[in-house]
Amino acid sequence: MRELRPRAGRSRWRPIYRRVQPGTFVILAIAPETQIDKRGFDQKIKNARRRFEELEPATPDHTSDNKLAIMPVRRKGTA
C-alpha cells in the first residue's frame, strides 16, 4: 500500500492506493493524516487491505491509447 500526499503533504487526507497492473492503480481508501487521527488512519489501512484482497481485475471494454487509464474492478464472485 502507498499513500498520496496531496498539496505537497499539506492536506489532511491521504488516498491509499496500490498498483494492480503496470500503469494501473486503484485507490482503496481515503484516510485521515496519521498525525491527526492515528486510529482512523490505521482503520482505513485495514479496510484498504481487505478491499485489495477482495478485488479481481475486470476486463476492459475498450482499448485506450492513454498511458494512464482507470480500469473498473469488482469484488470476487460478483457479476
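## Briefing on a predicted model: sheet, helix and side-chain contacts

In this predicted model, lysine 38 has a relative accessibility of 49% and therefore counts as partly exposed, since the exposed class begins only over 50%. Lysine 38 meets the side chain of aspartate 42 in a salt bridge, with 3.2 Å from N to O, and this pair belongs to a total of five salt bridges. The remaining points cover the sheet, the salt bridges, the aromatic contacts and a nonpolar patch on the surface.

**Sheet and strand pairing**

- Three strands make up an open sheet, arranged in the order S1-S2-S3 with antiparallel pairing. Strand S1 (2–3) and S3 are the edge strands, and because each has a single partner strand, one side of each is left without a neighbour in the sheet.
- Strands of a sheet pair through backbone hydrogen bonds, in either a parallel or an antiparallel sense.
- Between S1 and S2 the antiparallel pairing runs over two bridges, and here glutamate 3 stands opposite isoleucine 16 in S2.
- Strand S2, which spans residues 13–21, pairs with S3 in the antiparallel sense over eight bridges. Across this pairing, proline 15 stands opposite isoleucine 30 in S3, isoleucine 16 has alanine 29 as its bridge partner in S3, and tyrosine 17 has isoleucine 27 as its bridge partner in S3.
- The hairpin of S2 and S3 has two residues between the strands, and in this hairpin glycine 23 takes a positive phi near 80 degrees.

**Salt bridge between the loop and strand S2**

- Side chains of opposite charge can pair when their charged atoms come close.
- Glutamate 33 and arginine 14 meet through their side chains in a salt bridge, at 3.5 Å from N to O. This pair links distant parts of the chain, since glutamate 33 lies in the loop between S3 and helix H1 (38–54) while arginine 14 lies in strand S2, 19 residues apart.
- Are these two partners buried or exposed? Glutamate 33 has a relative accessible area of 16% and is therefore buried, as the value is under 20%; arginine 14, with a relative accessible area of 2%, is likewise buried.

**Salt bridges in helix H1 and the wider network**

- Aspartate 42 and lysine 38 are four residues apart in helix H1, which means that about one helical turn separates them. Aspartate 42 has a relative accessible area of 36%, so this residue is partly exposed, and its partner lysine 38 is also partly exposed at 49%.
- Glutamate 54 and arginine 50 form a salt bridge through their side chains, at 3.8 Å from N to O, and both lie in helix H1, four residues apart, or about one turn of the helix. Glutamate 54 counts as partly exposed at 24% relative accessibility, and arginine 50 counts as partly exposed at 38%.
- Which residues are joined into one network by salt bridges that share partners? The network consists of Glu3, Arg5, Arg14 and Glu33, and it thus includes the pair of glutamate 33 and arginine 14 described above.

**Aromatic rings and a charge over a ring**

- A pair of aromatic rings is described by the distance of the centres and the angle of the planes.
- The count of aromatic pairs comes to one. In this pair, the rings of tyrosine 17 and phenylalanine 25 have their centres 5.7 Å apart and their planes at 65 degrees, so the arrangement is edge-to-face, the class that applies over 60 degrees.
- Tyrosine 17 counts as buried at 18% relative accessibility, whereas phenylalanine 25, at 41%, counts as partly exposed.
- Arginine 18 places its charged end over the ring of phenylalanine 52, at 4.4 Å from the ring centre.

**Nonpolar surface patch**

- Trp13, Ile27 and Ile30 make a nonpolar surface patch of about 330 Å².
- Isoleucine 27 belongs to strand S3, which covers residues 24–32, and because its relative accessible area of 52% is over 50%, this residue is exposed.
- Two of the patch residues also appear in the strand pairing, with isoleucine 27 as the bridge partner of tyrosine 17 and isoleucine 30 opposite proline 15.

Note on methods: Residues numbered from 1 in each chain as written. Predicted model: local features only at pLDDT ≥ 70, side-chain atom pairs only at ≥ 80, totals over all residues. Heavy atoms only, no water. Patch = residues over 30% accessible without salt bridge, like charges linked within 9 Å, V, L, I, M, F, W, Y side chains within 5 Å. Areas by Shrake-Rupley, 256 points an atom, 1.4 Å probe, with all protein chains shown as cover. Salt bridge = Lys/Arg side-chain N within 4 Å of Asp/Glu carboxyl O. Buried < 20%, exposed > 50% of the residue type's maximum accessible area, 1.4 Å probe, protein only. Phe/Tyr/Trp six-rings, centres within 6.5 Å; stacked < 30°, edge-to-face > 60°. Lys NZ or Arg CZ within 6 Å of the ring centre and 35° of its normal. Pairing = 2+ DSSP bridges.
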